[in-house]
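Q: Please take a close look at one helix of this protein and at what covers its buried side. Set it in the context of the whole chain, and add any single residues worth a note.

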Amino acid sequence: MAVFREDHLTPLADFLLRLEQAPDALQEEVMARLRPHITDERFQKMEQVLAQRTQALTLLIENVYQPQNASAVLRTAEALGLQSVHIVEKDHRYEVSPQVVMGADKWLDLHYAPAEDTCIGNNTLAQYARLRRRGYRIAATCWTEDAVPIQELDLSKPVAMAFGTELTGLSREAIEAADVRTYIPMYGFTQSFNISVAAALCMHYLRAEMTKRYPERMPLKPKVYRRILVQWMAGALRLGEDLLKPYFQHPDLPARSNLPA
């Protein structure tokens with residue numbers, strides 16, 4: 001697992017962010033450093049899974065206060081081949097529930113926007129801005145007059161699906177600032193889903209539709225692929241981080257100030 005907290009980056013997380021933008025030769029060198037410590041079977045499984053990974057669809061979870069619900073979302077996201085989940089903390093600090101997530105989180109990129117992040121006055125809006133700079137359209141899940149069924153979403157760009165807290169849903173600011181508002185049609189007396197169920201339905205449908213309509217967009221970019229492979233190999237080794245430490249200050253790594261915002 002790579003945890004990227006806006007308020008604090010560990011040395012390993014900082015290295016991985018910079019490695020993603022490093023020259024191909026350095027990425028290959030770092031991979032070669034770890035590869036002899038990974039069995040052929042394990043390495044082939046990692047490559048097999050990575051071939052199905054995508055960043056064309058991602059999730060944003062705002063202010064979820066029941067950790068088992070968010071952890072169930074992480075487990076489903078990993079199973080469906082999503083790589084990144086964005087967690088916006090407001091009133092509640094989120095911690096993974098190990099008994100629910102069942103280890104799925106260690107294969108994901110978790111981007112935390114903590115409550116203390118006030119760079120533009122609202123940490124949800126700050127995360128929206130970061131996602132847009134990366135080419136995502138923000139789709140807020142909610143019941144508003146202008147919301148469209150999920151089947152009518154425009155999928156011509158990468159999509160970030162935003163889900164809110166269990167009782168009241170997304171904040172008003174999150175709904176208003178989204179690029180589009182959407183809902184899952186329901187046909188019974190019950191007119192709401194648990195957040196983990198709603199996220200699972202959306203992820204399953206959108207992953208299948210995006211793969212059918214825009215298959216060329218789904219695979220990871222080569223630099224991202226190599227960074228994640230390094231991340232997974234290091235995470236699978238007891239001394240994986242120690243093997244990477246000699247590269248933390250490598251002169252070919254870009255400076256943090258030169259990374260995409």
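A: What follows describes helix α2, then the overall fold, then three single residues. The model is predicted.

Helix α2 spans residues 24-34, and its buried residues are Leu26, Gln27, Val30, Met31 and Leu34. These residues lie on the same side of α2, because the arc they cover around the axis is only 140°. Among the elements that cover them are three other helices: α1 (11-19), α9 (222-235) and α10 (240-244).

The protein around α2 has 10 helices and 8 strands. Its radius of gyration is 19 Å, and the globule rule gives 18 Å for 261 residues, so the protein is as compact as a globular protein of that length. Along the principal axes, the C-alpha atoms fill a box of roughly 55 × 40 × 35 Å. Of the 261 residues, 51% are buried. Among contacts with a separation of 6 or more, 81% join residues 24 or more positions apart. The accessible surface is about 12800 Å², and carbon and sulfur atoms account for 53% of that area. The side chains include 30 positive and 32 negative ones, and the centres of the two sets are 3 Å apart.

A second helix, α8 (residues 195-213), holds Ala200. Ala200 has a relative accessible area of 23% and is therefore partly exposed, since the buried class ends at 20%. Apart from its neighbours within four places in sequence, Ala200 is in contact with Thr76 and Leu80. Arg75 is 125 residues away from Ala200 along the chain, yet the C-alpha atoms of the two are separated by 9.6 Å.

Two loop residues remain, and both concern the sign of phi. Most residues other than glycine have a negative phi. Asn63 has a positive phi, near 60°. Asn63 sits in the loop that runs between β2 (57-62) and α4 (67-79). Its relative accessibility is 10%, so Asn63 counts as buried. Met102 also has a positive phi, near 55°. The loop that contains Met102 lies between α5 (98-101) and β4 (109-113). Met102 has a relative accessible area of 56% and is therefore exposed. Thus Asn63 is buried, whereas Met102 is exposed.

Terms used:
Residues are numbered from 1 along each chain as its sequence is written. This is a predicted model: local features need pLDDT of at least 70, side-chain atom pairs count only at pLDDT 80 or more; totals for chains, interfaces and linings use all residues. Side-chain values use heavy atoms; hydrogens and water are left out. Helices (H or I, at least four residues) and strands (E, at least two) are DSSP runs, numbered from the N terminus. The radius of gyration is taken over C-alpha atoms; the globule rule is 2.2 Å times the number of residues to the power 0.38. Buried means under 20% relative accessible area, exposed over 50%, partly exposed in between (1.4 Å probe, protein chains only). Contact means heavy atoms within 4.5 Å. Accessible areas come from the Shrake-Rupley method with a 1.4 Å probe; for residues, only the protein chains shown count as cover. Lys and Arg count as positive and Asp and Glu as negative; His and the chain ends are not counted. The place of a charge is taken as NZ of Lys, CZ of Arg, CG of Asp or CD of Glu. The arc is that of the directions from the helix axis to the C-beta atoms.
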